[in-house]
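Please work through the exercises below with the sequence and the structure open beside you. Each task is followed by a solution that goes step by step.

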Amino acid sequence: MTNNKQVLEFVNKSAELCQPDKIVWITGEEAQLEELRKEALSTGELIKLNEEKLPGCYLHRSDVNDVARVEGRTFICCKNKEDAGPINNWMDPQEAYSKVGEIFKGSMKGRTMYVIPYSMGAVGSTFSKVGIEVTDSIYVVVSMKIMTRIGKEVLDVLGDSNDFVRGLHSKANLDAEKRYILHFPEDNTIWSVNSGYGGNVLLGKKCFALRIASFQGKNEGWMAEHMLILGVQKPNGEINYVSAAFPSACGKTNLAMLIPPALYREKGYKVWCVGDDIAWIRVGKDGRLWAINPENGFFGVAPGTNMHSNPNALLSTKKNAIFTNVALDETDNTVWWEGMEKDVPGKVKPQNLIDWKGNPWTPDTVDAEGKPVKAAHPNSRFTAPAINCPCISSEFEAPEGVPLTAIVFGGRRAKTAPLVYEARDWNSGVFVGSIMASETTAAATGAVGVVRRDPMAMRPFVGYNMADYFAHWIEMGKKIGKQPKIFNVNWFRTDDEGNFIWPGFGDNIRVLDWILKRCNGEVDAREVAIGYVPYAKDINVEGLDIDEKVVEDLLSVDKETWLEEVKGIKEFYAQFGDRLPKELEVKLAELEANLNK
Ligand code: GTP
Ligand code: SPV
Ligand code: MN
């Protein structure tokens with residue numbers, strides 16, 4: 001399929017190591033993919049769903065010990081340990097190649113090795129980059145088809161170039177003790193073994209488009225971020241684009257596909273989705289920041305997705321989608337997950353399902369300790385083509401992307417962070433991003449609900465030293481002629497009973513509205529220690545069961561809580577030693593002084 005010597009060498013070397021029975025190049029043609037889906041049906045790797053209700057859709061179950069990203073087993077393998085920084089796990093590249101090479105050795109015996117040429121970004125566009133993933137999993141092939149642009153045309157565009165990311169993946173025997181997700185940023189190489197879970201094995205996504213790309217971006221003067229991109233269309237037809245970084249399972253897909261409440265729709269507001277997880281951002285000729293979504297599909301969290309919370313996401317999954325670790329409703333061969341009740345008005349929870357592990361399930365099913373069992377895994381996901389999304393932006397494939405008016409950070413904080421605040425300037429915004437903290441979710445293995453620092457929502461995804469990543473943000477600020485304003489949001493403040501105070505979802509347009517008004521100089525704000533917060537009257541709560549007093553509470557900045565926060569930030573910053581940009585130290589000192597005023 002190609003004469004590119006480097007590509008051929010990479011594929012041959014991979015085959016020598018893994019010793020597959022045969023090698024199949026993925027052309028991207030539908031007939032080949034359909035053959036592979038059929039093969040996966042025969043082995044049980046995929047389960048065909050109801051062709052009338054969910055045409056072209058499949059269910060996949062991963063191994064029960066393999067349901068989320070494994071941050072503890074994810075490594076950055078660069079020559080100098082300091083270049084990986086204190087947040088990343090590090091392994092010496094030579095040691096990594098030889099140690100994990102032993103695990104890959106012969107891992108594809110009796111199997112087929114698939115070679116997937118793929119493009120992150122529209123094929124052939126100047127902002128796009130090419131990857132080659134070699135894998136022994138049909139699930140990976142058919143998922144990569146949805147999540148990226150694959151096939152021969154990618155190789156045609158690559159030509160003789162050596163500028164491609166080499167990705168080697170083998171399920172091996174799914175041994176969790178020998179699971180490794182390795183990144184060699186200096187070699188443009190990714191090795192993933194003993195996993196079949198999306199985030200660990202769809203190598204174009206987190207591994208390439210964030211970990212490797214963030215390193216490339218630092219060297220080449222652009223940014224790879226864990227951000228959604230959306231356009232807000234105002235009644236006059238003007239569209240402003242916003243990118244937003246929230247940690248995993250903290251609301252990016254939901255915000256990216258937001259449907260405004262009736263009040264806003266009637267006025268003419270509409271939200272367009274450009275991307276729901278990753279943004280590649282560059283300074284355009286006009287000096288503004290321009291962002292593309294390098295992906296071609298959504299790998300979204302299933303639980304909680306319903307026709308009320310996120311109809312656009314649910315509708316995106318109605319054809320040619322793959323569901324992973326959700327429940328199967330055998331009565332009509334469709335899928336189900338917790339929080340889908342509102343899918344069909346009046347539809348009640350199904351009584352008899354097959355749960356994500358393949359066991360019979362009823363709402364009364366309990367585990368050995370008597371605890372209720374979930375039908376779908378909390379990190380069960382759908383893989384859906386972006387073109388299925390009813391609100392996909394007309395600029396989705398625009399080669400240079402869309403210009404950013406605002407950048408938003410956010411996380412899950414029960415108390416500290418107000419509903420929204422604005423940073424004073426670019427460097428203050430970088431500081432706001434760098435001090436982000438959020439409660440952990442089911443998207444990664446480990447405890448859920450523990451607050452941890454997750455700067456720019458990139459803690460698990462920066463492919464180099466986090467301090468240098470902060471410095472890169474500051475450097476980028478100097479290159480941008482017209483800097484977007486930077487904000488922080490928190491949809492997750494809770495009352496004393498632990499209930500979310502802010503309604504969230506579609507009503508988040510009320511906050512976006514304020515953000516854009518600030519960008520256009522249409523509304524005043526109140527200066528507080530951490531930046532600017534809205535006057536309560538300026539957050540439109542018309543039609544909500546919330547009064548101005550509640551909004552004031554949502555916007556409050558508690559001095560004692562924030563002084564505690566400062567302590568946590570100091571501890572976090574201390575790990576970076578001299579490598580931490582001075583600009584951030586200055587901002588932290590300013591914050592502390594402001595709080596003590
Ligand atoms: P990744 O795909 O892991 O990067 O996640 P994501 O950031 O795209 O998160 P997603 O939009 O899938 O939301 C994850 C969870 O947060 C779901 O359970 C949602 O129901 C919940 N959620 C999203 N937006 C809101 C909101 O505005 N308010 C509240 N309370 N919950 C929300
Ligand atoms: C995330 O965890 O941030 C995801 C899903 O978007 S994964 O692809 O598994 O990383
Ligand atoms: Mn994500």
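The exercises that follow concern the surroundings of two ligands in a predicted model.

**Exercise 1.** Find which residues come nearest to ligand 1, and which of its oxygen atoms' partners can be identified.

*Solution.* Begin with the shell, which holds 21 residues around ligand 1, and note that Ala-249, Lys-252, Thr-253, Asn-254 and Arg-381 come nearest. Next, look for polar contacts, which are pairs of N or O atoms within 3.5 Å. An N or O atom in the side chain of Lys-252 is 2.7 Å from an oxygen atom of ligand 1, and for the side chain of Arg-381 the distance from an N or O atom to an oxygen atom of the ligand is 2.7 Å. With Thr-253 the partner is a polar backbone atom, which is 2.8 Å from an oxygen atom of ligand 1. Finally, consider the cover: ligand 1 taken alone exposes 660 Å², of which the protein buries 90%.

**Exercise 2.** Describe where the shell around ligand 1 comes from, by element, by domain and by residue class.

*Solution.* Start with the elements, where helix H9 (252-256) and strand E18 (297-301) each supply at least two residues of the shell, and H9 gives the largest share, 3 residues. Then turn to the domains, since at least three residues are drawn from each of domain 2 (225-293 + 396-557) and domain 3 (297-389). Sorting the shell by class gives 10 nonpolar, 7 polar and 4 charged residues. To complete the picture, the space that ligand 1 takes is the largest pocket.

**Exercise 3.** Identify the polar contacts of ligand 2 and state how much of its accessible area the protein covers.

*Solution.* First list the surroundings of ligand 2, which include Arg-69, Tyr-197, Gly-199, Lys-206, Ser-248 and Arg-381. By class, this shell has 4 nonpolar, 3 polar and 5 charged residues. Then examine the oxygen atoms of the ligand: a polar side-chain atom of Ser-248 lies 2.5 Å from one, and a polar side-chain atom of Lys-206 lies 2.6 Å from an oxygen atom of ligand 2. Gly-199 takes part through a polar backbone atom, which is 3.4 Å from an oxygen atom of ligand 2. On its own, ligand 2 has 280 Å² of accessible area, and the protein covers 98% of this.

**Exercise 4.** Explain why ligand 2 lies between two domains.

*Solution.* Check which domains contribute to its shell: domain 1 (5-45 + 68-220) and domain 2 (225-293 + 396-557) both give residues to the shell around ligand 2, and therefore ligand 2 lies between them. The space taken by ligand 2 is the largest pocket.

Note on methods. Residues are numbered from 1 along each chain as its sequence is written. Chains are lettered from A and ligands numbered from 1 in the order in which they are written. This is a predicted model: local features need pLDDT of at least 70, side-chain atom pairs count only at pLDDT 80 or more; totals for chains, interfaces and linings use all residues. Side-chain values use heavy atoms; hydrogens and water are left out. A residue is near a molecule or strand if one of its heavy atoms lies within 4 Å of it. A polar contact is a pair of N or O atoms within 3.5 Å; within protein, one must be able to donate a hydrogen and the other to accept it, and residues adjacent in sequence count only if both atoms are side-chain atoms. Accessible areas come from the Shrake-Rupley method with a 1.4 Å probe; for residues, only the protein chains shown count as cover. On a 1 Å grid over the protein atoms alone, a cavity is a set of points where a 1.4 Å probe fits but cannot get out, and a pocket is an open set with protein on both sides within 12 Å along at least five of seven lines; lining residues have an atom within 4 Å of a point. A molecule sits in a cavity or pocket if more than half of its atoms lie within 2 Å of its grid points. Helices (H or I, at least four residues) and strands (E, at least two) are DSSP runs, numbered from the N terminus. Ala, Val, Leu, Ile, Met, Phe, Trp, Tyr, Cys and Pro count as nonpolar, Asp, Glu, Lys and Arg as charged, and the others, Gly among them, as polar. Domain bounds come from an automatic or database domain assignment.
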